[in-house]
Amino acid sequence: MTKKSIVVALDYHNKNDALTFIDKLDPDMCRLKIGKEMFTLFGPDLVNDIHNRNFDLFLDLKFHDIPNTVAKAVTAAADLGVWMTNVHASGGLAMMQAAKQALVPFGQDAPLLIAVTVLTSMSDEDLVLLGINVPVFEHVLRLAKLTHQAELDGVVCSAQEAKLLKSSFGQDFTLVTPGIRPAGSDTGDQQRVMTPQQAITAGSDYLVIGRPITQAVDPLAALKAIYQSLHV
Ligand SMILES: O=C(O)c1cc(=O)[nH]c(=O)n1[C@@H]1O[C@H](COP(=O)(O)O)[C@@H](O)[C@H]1O
């Protein structure tokens, strides 16, 4: 693992707060993620602001729609030059195949394309409420299998499922794991959590970490403490 295995989730409402924090980092220290809140507020301008600072950016918009619409959305994300983008695996095989196909013209410059399995905020009980009467890990495995079949680069899952997915789909199947909580930090709305150390040991490739860093009194110190716990 390297420092760049950490993807900081920039879920800020205020652009200046986000840029002030980014300007304390350098692109060798971590990668960055923006999601629905910041992209809705600040759009492609923010993507450009981050790219101008030379960071790899994960555009986390979790596309989930008919295949044609998702293919066009993924093309738009690739046009922005982002490092990684994502769809929901529950959109189905045809949707994921259309998304993958849309990236063919980008060749080597295509972003990594991954699919969200079961959100890390969900538990077995939440699945039952959706009429899915299997444990979370089984549903994650099912959705990861579809993602693998569609030849995407990997999935978003909890680090709790990392070992199972690496043994099922191999080391090259990229695992992006949010729901990371350093020991003693607030879990908030996350249910399937692991510490950074546990996640790396389990086989996560990228740790997505938001509030434990961005809501800390000193975000840079919080990020450095995570590196220390990982000996990087
Ligand atoms: O796709 C994601 O990034 C994602 C998937 C998932 O299952 N769970 C999840 O928390 N995320 C995102 O990862 C980030 C986690 O943030 P914190 O809970 O603050 O560390 C948020 O930006 C979520 O939108």
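This section describes the barrel, the packing of selected helices, the surroundings of the ligand and two individual residues in a predicted model.

The core of the predicted model is described first by its strands. Eight strands close into a barrel, in the order β1-β2-β3-β4-β5-β6-β7-β8, and their pairing is parallel. From one strand to the next, the twist averages 25°. In general, the strands of a sheet pair through backbone hydrogen bonds, in either a parallel or an antiparallel manner.

The start of the barrel can be followed strand by strand. Strand β1, comprising residues 6-9, runs parallel to strand β2, residues 31-34, and three bridges join the two. Within this pairing, A9 has K33 of β2 as its bridge partner. Between β1 and β2 the chain passes through helix α1 (residues 15-22), and the resulting β-α-β crossover is right-handed. Strand β2 is in turn joined to β3 by three bridges, and these strands also run parallel. Here the bridge partner of K33 is F58 in β3. K33 is thus bridged to A9 as well as to F58. The chain reaches β3 from β2 through helix α2 (residues 36-52), in a β-α-β crossover that is right-handed.

Helices α3 and α4 illustrate the packing around these strands. Helix α3, residues 67-79, lies across β3, β4 (84-88) and β5 (112-116), and runs at about 165° to β3. In helix α4, which spans residues 93-102, the buried positions are M95, M96, A98, A99, K100 and A102. Buried residues of α4 pack against α3, β4, β5 and α6 (136-149). Strands β4 and β5 are therefore shared by two descriptions: α3 lies across them, and the buried residues of α4 pack against them.

The ligand is surrounded by 19 residues, of which A9, L119, P178, G210 and R211 are the closest. Two or more residues of this shell are contributed by each of β3 (57-63), β8 (206-209) and α9 (211-214). Classified by side chain, the shell holds eight nonpolar, seven polar and four charged residues. A9, listed among the closest residues to the ligand, is also the bridge partner of K33.

Two residues outside this description were examined individually. L230 is found in helix α10, residues 219-230. L230 counts as partly exposed because it has 18 C-beta neighbours inside 10 Å, whereas a buried residue requires 20 or more and an exposed one 12 or fewer. Apart from neighbours within four places in sequence, L230 is in contact with M1, P196, Q197 and I200. L25 lies 205 residues from L230 along the chain, and the C-alpha atoms of the two are separated by 18 Å.

G203 occupies the loop between α8 (196-202) and β8. With 18 other C-beta atoms within 10 Å, G203 is likewise partly exposed. When residues up to four places away in sequence are not counted, G203 touches A162, K163, K166 and L175. The C-alpha atoms of G203 and Q160 are separated by 9.6 Å, although these residues are 43 residues apart along the chain.

Note on methods:
Residues numbered from 1 in each chain as written. Predicted model: local features only at pLDDT ≥ 70, side-chain atom pairs only at ≥ 80, totals over all residues. Near = placed C-beta within 6 Å. Helix = DSSP H or I, 4+ residues; strand = E, 2+ residues; numbered from the N terminus. Nonpolar A, V, L, I, M, F, W, Y, C, P; charged D, E, K, R; others polar. Contact = placed C-beta atoms within 7 Å. Pairing = 2+ DSSP bridges. Right-handed = clockwise from strand over helix to strand, strands pointing away. Axes fitted to C-alpha atoms, helices over the stretch in contact; angles between N-to-C directions.
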